[in-house]
Amino acid sequence: MVETWHISINDKRTQQLMEKDSVLASLITDIGDVNRNLRTDPLKSIIRSIIGQQITVKAAAAIFERLTQKINNDWSVDTISKLTEEDMVEIGLSRPKQKYLFNLIEHINDNELEFSQFDKLSNEAIIKQLTAVKGIGKWTAEVFLIFTMQREDVVPIDDVGLQRAAKYLYKVPDDNGKELLKKCQTTWGDQATIGCLYLWAYIHKYNI
């Protein structure tokens, strides 16, 4: 599976998006091509998201690295299931996140969460399955759709970074960020994810 998502300004999809939104088109022209790393292993991706909740990027990276070493980079349900509470504490996982991790494994073992079936499911069905797991919210599920499933029609409405970037881009600082992203989603349609990737690139390039 491809590990990097390469979005070219010359792609048909990107060109279609630029035709729909002239303001975004200017940003796309400024940014050029975009490359984003994908999280191709579903279980690893979700665990990484759970670890990263409500802590700094640096702290999350350190905990994730300790977990990776503890399991010898074997991201299987069996290996994760063998982690003890002591292991979790040693790694640096808080008690709530330990519970989230065990709940995730329980859902998989009970066949309530079947990653192998996700390719056949709609965005809404995947979000429903994921958010049934305690500790996984809608934003986490939507980010999973983008960076693991590579779905192209997703806008994480609750992403405060995207909200802020959209306000800057469209020069509407007093607008409601969520409502603005909903409008973007309607305008962008099937290329909505590409729009988000460019907004994230906008954040990084200009430190918004």
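## Worked exercises on a predicted model

W200 has a relative accessibility of 10%, so it counts as buried. That value, like every other one here, is computed from a predicted model. Keep W200 in mind, as it returns in the second exercise.

### Exercise 1: a strand with two faces

Sort the residues of strand β1 (residues 4-7) into a covered and an uncovered face, then find the strand that pairs with β1.

*Solution.*
Step 1. Start from the general pattern: side chains in a regular strand alternate between the two faces of the sheet.
Step 2. Apply the pattern to β1: W5 and I7 make up the covered face, while T4 and H6 make up the uncovered one.
Step 3. Look for the partner. β1 runs antiparallel to strand β2 (residues 34-37), and four bridges join the two.
Step 4. Check the register: across from W5 in β1 is R36 of β2.

### Exercise 2: an enclosed helix and its ring pair

Decide how far helix α9 (residues 138-147) is enclosed, and say what its buried residues pack against.

*Solution.*
Step 1. List the buried residues of α9: T140, A141, E142, V143, F144, L145, I146 and F147.
Step 2. Compare with the length of the helix. Eight of its ten residues are buried, so the rest of the structure largely encloses α9.
Step 3. Name the surroundings. The buried residues of α9 pack against strands β1 and β2 and helices α3 (42-52), α8 (123-131) and α12 (192-206).
Step 4. Take one residue as an example. F147 counts as buried because its relative accessibility is 8%, under the 20% cut-off.
Step 5. Add its ring partner. The ring centres of F147 and W200 are 5.5 Å apart and the planes stand at 40 degrees, so this pair is tilted. F147 is in α9 and W200 in α12, so to speak of distant parts of the chain is fair: 53 residues separate them.

### Exercise 3: classifying rings

How many aromatic pairs are there, and which kind do F115 and F118 form?

*Solution.*
Step 1. The count is six aromatic pairs.
Step 2. For F115 and F118, the ring centres lie 5.4 Å apart and the planes meet at 85 degrees; an angle over 60 degrees is edge-to-face, so that is the label for this pair.
Step 3. Check burial on both sides. F115 is at 18% relative accessibility, so it counts as buried. F118 is buried too, with a relative accessible area of 1%.
Step 4. Widen the view: F115 and F118 form one aromatic cluster together with F144, a buried residue of α9.
Step 5. Finish with a ring that meets a charge. The charged end of R48 sits over the ring of F64, at 4.5 Å from the ring centre.

### Exercise 4: the largest pocket

Give the volume of the largest pocket, and work out which elements line this pocket.

*Solution.*
Step 1. The largest pocket holds about 1,000 Å³ of space.
Step 2. Its lining has 29 residues, and those closest to the centre are R36, R39, V57, W139 and V143.
Step 3. Sort the lining by element. Two or more residues each come from β2, α3, α4 (57-70), α9, α10 (160-169) and α12.
Step 4. Find the main contributor: α3 gives the largest share, six residues.
Step 5. Link back to the first exercise: R36, listed among the residues closest to the centre, is the β2 residue opposite W5.

### Exercise 5: buried, exposed or in between?

Place T14, Q54, N111 and L121 on the scale from buried to exposed.

*Solution.*
Step 1. T14 is in helix α1 (residues 12-20). Its relative accessible area is 0%, so T14 is buried. Beyond four places in sequence, T14 touches I7, S8, I9, I28, I194 and Y198; I7 belongs to the covered face of β1.
Step 2. Q54 is in the loop between α3 and α4 and counts as exposed at 85% relative accessibility. Its phi is near 60 degrees, a positive value in a residue other than glycine.
Step 3. N111 is in the loop between α7 (95-109) and α8. With a relative accessible area of 52%, N111 is exposed, and its phi is also positive, near 60 degrees.
Step 4. L121 is in the loop between α7 and α8, and its 25% relative accessibility makes L121 partly exposed. Setting aside neighbours within four places in sequence, L121 is in contact with I126, Q129 and R151.

Methods. Residues numbered from 1 in each chain as written. Predicted model: local features only at pLDDT ≥ 70, side-chain atom pairs only at ≥ 80, totals over all residues. Heavy atoms only, no water. Buried < 20%, exposed > 50% of the residue type's maximum accessible area, 1.4 Å probe, protein only. Pairing = 2+ DSSP bridges. Contact = heavy atoms within 4.5 Å. Phe/Tyr/Trp six-rings, centres within 6.5 Å; stacked < 30°, edge-to-face > 60°. Lys NZ or Arg CZ within 6 Å of the ring centre and 35° of its normal. 1 Å grid on protein atoms, 1.4 Å probe; cavity = no way out; pocket = protein on both sides within 12 Å on 5 of 7 lines; lining within 4 Å. Points joined across faces, edges and corners; volume = space filled by probe spheres on them.
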